[in-house]
Structure formats: structure tokens, C-alpha cells
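Me: Got a minute to walk through a model with me? I'll put it up here.

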Amino acid sequence: MKLIHLSDLHIGKSVRDFSMLEDQRYILKQVLELVKTEKADAVLISGDVYDRTIPSEEAVRLLDDFIWQLAEIPVKVFLISGNHDSDERLNFGSRLFRDKEIYFCTKYDGHLFKQTCEDEYGPVDFYLLPFVKASQVRYFFPEEKIESYDDAVRTVIRHGNVDTARRNVILAHQFVAGASGEVSLGGSESPAVASVGLVERVGFDCFSDFDYAALGHIHKAQRAGREEVRYAGTLLKYSADEVHDTKSVPVVTLGAKGEVEIELRELKPLRDMRSLKGTLRQLLSKENITDPDDYIFVTLTDEDVISDAMNLFRQVYPNTMQIRYDNSHTREIAMADPSRLAEMRSFPELISDFYREIYHKDISREELALMKKIAGKAGITYEAD
């Protein structure tokens with residue numbers, strides 16, 4: 001049985017005020033082609049399907065179109081909710097979907113969802129565990145000692161009556177740590193994921209009863225403890241910290257019990273996300289300009305702040321997302337007083353970062369425009385971007 005593992009689609013996401021919907025539509029078409037060429041039997045989608053609990057109409061249409069095309073192939077689909085999703089909204093129509101072998105599990109109800117499929121080697125049991133908190137599990141098992149997320153997941157699985165003699169696959173959306181206790185973050189996770197990871201941490205050995213654990217929650221593709229406990233990562237880069245990452249999709253082949261083969265299929269985005277560093281003259285010289293439609297993060301090494309730098313860059317690289325400075329002045333400030341680094345950043349950058357820290361999502365264009373208007377009335381001036 002061949003499986004395609006996806007996670008953290010974050011449909012409807014914006015990065016630095018740039019909507020990623022067109023890029024997401026493009027990459028999902030690639031996924032559909034991969035499903036066809038690999039002749040996959042099932043697609044696993046491990047949570048954070050949407051970027052917001054209340055997705056935009058465009059985001060809903062894109063997911064609807066993607067699921068419909070999967071059903072047309074046809075291929076089985078297993079989908080769980082993540083911490084970014086609204087379980088009730090994502091669950092809409094799920095009972096009708098089952099006739100098309102599309103299985104949604106978006107809210108833990110005290111039972112570990114199970115669906116059995118067959119191949120030439122016999123049955124494969126798929127278990128769906130949406131994002132859960134310890135308090136949710138404690139509600140269903142008040143007699144159990146559940147003090148942590150690790151306790152919660154172990155309790156859910158123990159009560160799931162998993163038959164270890166059979167082939168088992170689980171979808172989960174949790175902060176799962178490897179043997180070293182470390183997980184490499186992608187960079188575009190919400191601040192909450194990074195800051196409360198120690199609290200949410202679940203040991204990878206929770207999934208020892210499963211031949212493959214399809215994880216979501218962390219944006220960087222990686223194994224967690226063993227090869228068969230794996231984060232698929234995001235389909236696209238969503239932050240400057242990810243510019244050097246290669247995005248891929250795990251293709252998992254289940255043979256007889258204990259036989260699991262994992263191959264990574266690289267994805268090619270509509271626009272890459274890159275970082276550039278140098279003087280303005282160097283970066284905008286004709287011989288150095290490549291792929292101007294890419295998403296660009298710029299670090300200028302000019303000693304003087306350049307007036308209207310963002311507009312100059314966007315004339316060449318229209319999708320420039322951010323400009324920062326790295327020169328003797330910024331290094332001196334950092335050594336003397338790191339807190340003064342904020343003085344080298346624009347008001348829109350500062351307010352966007354603050355909004356993201358508080359609400360764990362990007363500020364909308366309308367909200368940013370309102371904040372700029374309020375700042376103007378308060379006498380705050382800043383370089384237009």
C-alpha cells in the first residue's frame with residue numbers, strides 16, 4: 001500500500017502581507033500529479049489544513065477543489081485537524097465524504113478513530129488523532145493520571161486497543177520529540193509552538209505500536225526518533241528561516257508487517273523564497289538579478305540607511321518581503337544594547353511582529369493600514385514600504 005503524507009497546508013496563509021494562495025494552488029496541483037504518478041492508495045493530511053480558525057472564502061474554495069480532485073482520481077483520504085483549525089468548520093460534510101472514502105476526524109470524542117483498508121498483504125488499520133490537549137483527554141478519562149500532553153496521547157492510544165500484530169498507521173498533530181528530546185523548528189511556526197514546546201512535548205515512543213506515524217505541527221520535514229515517525233513539513237517556505245530548506249513529500253510504501261519504505265519527493269514552488277545580502281548597488285546590478293519574481297528577504301550592508309529602499313527593490317523584485325541592515329552601526333548597537341535593534345526596523349515591521357506574537361497569525365492588510373493611520377495621528381513617522 002502506497003501512502004502520500006502531507007501536513008500543515010496552512011491554506012489561506014499570508015507572509016509579510018503577501019497572500020500565498022496562488023502559490024498554494026500551484027503546489028497542490030503538483031501534489032495531485034504526484035498522487036497520480038505514484039499510483040497512491042491513500043493521502044494522509046496531518047492537520048493545520050487552514051491557517052486560521054475562520055478561513056477566507058478563497059481558502060475554503062481551494063481546499064474544496066483539492067479534496068474534490070483527490071476524490072476524482074480516486075484515492076482514499078485521511079485528514080485530521082490541527083491547532084490552527086476550527087474542528088467544527090473543518091468537519092462540515094464529513095459524513096457525506098465517507099461514501100468517497102474520504103475520512104475526516106477533527107475532534108477527539110473519547111475514542112481513537114479507526115478505519116481499516118485492505119491490500120494484497122491484508123488489513124491496514126488507520127488511526128486518526130486530531131490535535132488534543134491534556135485537559136480534553138482528562139475529561140473522558142477522569143480516573144487516569146493525566147498531567148501532561150505525553151500522558152494524554154499515551155492514554156488515548158492505550159484505550160484505542162491497537163492490535164500490534166496488524167499493520168497500523170496513525171495521523172497525529174502534536175509536538176513529538178525524538179530520542180535526543182530535540183525537534184528542529186521550521187521557523188514559520190507560531191511563536192506559541194516554539195515557546196510551549198517543552199510543555200506540549202510527546203515522546204516518539206508513544207507511537208511504538210504503529211508501523212508509520214504521519215505527524216503534523218512542525219514545519220521542517222524530519223524524523224522524530226525513528227524513520228517511521230515523521231513530520232512531513234510544509235509544502236512551501238513561509239519564513240526567512242526556511243530559505244535554505246528543500247520542501248518535499250514523503251511517499252510511504254507498506255509491504256508485509258514490518259516492511260516500510262520511505263522516499264522523499266522534492267517539490268518545485270511557483271516562486272522560491274530567498275535571502276539576499278550585500279549593498280544596494282551590488283544586489284540591483286543587472287548581472288546579479290536572477291528570478292525576480294521570487295519572494296525576497298534583503299539584508300543591506302550599506303553604511304547609510306537608504307531612503308525608499310523598499311520601493312527601489314520592488315521595482316526589480318516585486319515580491320520583496322523585508323529589508324534589514326547589517327553594517328558597523330547595527331553591530332555596534334547590538335553589542336552595546338541589543339534592545340535598540342528595533343530602531344533599525346520600520347514601524348510596519350515592528351507592528352506586524354508584535355501582532356504575530358500576540359495572535360499567532362499575520363496581520364491583515366486592512367489591520368495594518370488602520371495601525372498606520374493611528375500611528376500617523378499619534379505623530380509616529382516611518383519610511384513608507
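Me: Start with the cysteines. C117: buried or exposed?
Reply: C117 is buried, with a relative accessible area of 4%. Keep in mind that this is a predicted model.

Me: And C206, buried or exposed?
Reply: Buried, because the relative accessible area of C206 is 6% and the cut-off for buried is under 20%.

Me: How many disulfides does the structure hold?
Reply: Zero disulfides.

Me: OK, zoom out. How many helices and strands in the protein chain?
Reply: The protein chain has 13 helices and 19 strands.

Me: What share of the residues is buried?
Reply: Of the 385 residues in the protein chain, 51% are buried. The accessible surface is about 18600 Å², and carbon and sulfur atoms hold 50% of that.

Me: What about contacts that are far apart in sequence?
Reply: Take the contacts between residues at least 6 apart in sequence. Of these, 67% join residues at least 24 apart.

Me: Now strand β4. How many of its residues are buried?
Reply: Five of the five, residues 42-46, so β4 is largely enclosed by the rest of the structure.

Me: Which residues sit on which side?
Reply: A42, L44 and S46 are on one side of β4, V43 and I45 on the other. Every one of those is buried, and both faces are covered.

Me: Which strands does β4 pair with?
Reply: Strand β1, residues 2-6, runs parallel to β4 and is joined to it by four bridges. There, L6 has I45 as its bridge partner. Strand β5, residues 76-80, is also parallel to β4, with five bridges. In that pair, V43 stands opposite V77.

Me: What links β4 to β5?
Reply: Helix α2, residues 57-72, makes a right-handed β-α-β unit with β4 and β5.

Me: Anything odd in the backbone around there?
Reply: Yes, a cis peptide bond. It runs from I73 to P74, with omega near -10°. P74 is in the loop between α2 and β5.

Me: Remind me, what's the usual pattern?
Reply: Most peptide bonds are trans, and most residues other than glycine have a negative phi.

Me: Which residues go against that on phi?
Reply: R16 is one of them, with a positive phi near 50°. Another is K39, where phi is positive and near 50°.

Me: Where are they?
Reply: R16 lies in the loop between β2 (14-15) and β3 (18-19). K39 is in the loop between α1 (21-38) and β4.

Me: Is R16 buried or exposed? And K39?
Reply: R16 counts as buried, at 18% relative accessibility. K39 is exposed, with a relative accessible area of 68%.

Me: Switch to the sheet with β17. What's the strand order?
Reply: The order is β17-β18-β19, an open sheet of three strands with parallel pairing.

Me: Which strands stand at the edges, and why does one side of each lack a neighbour?
Reply: β17 (273-278) and β19 (320-325) do. Each has a single partner strand, so one side is left without a neighbour in the sheet.

Me: How are neighbouring strands turned against each other?
Reply: By 15° on average, direction ignored.

Me: Details on β17 with β18?
Reply: β17 and β18 (residues 295-300) pair in the parallel sense over six bridges. L276 stands opposite V298 in β18.

Me: Which helix packs on that sheet?
Reply: α10, residues 309-316. This helix touches β18 and β19, and its direction makes about 135° with that of β19.

Technical notes: Residues numbered from 1 in each chain as written. Predicted model: local features only at pLDDT ≥ 70, side-chain atom pairs only at ≥ 80, totals over all residues. Heavy atoms only, no water. Pairing = 2+ DSSP bridges. Helix = DSSP H or I, 4+ residues; strand = E, 2+ residues; numbered from the N terminus. Axes fitted to C-alpha atoms, helices over the stretch in contact; angles between N-to-C directions. Contact = heavy atoms within 4.5 Å. Disulfide = S-S within 2.5 Å. Buried < 20%, exposed > 50% of the residue type's maximum accessible area, 1.4 Å probe, protein only. Areas by Shrake-Rupley, 256 points an atom, 1.4 Å probe, with all protein chains shown as cover. Right-handed = clockwise from strand over helix to strand, strands pointing away.
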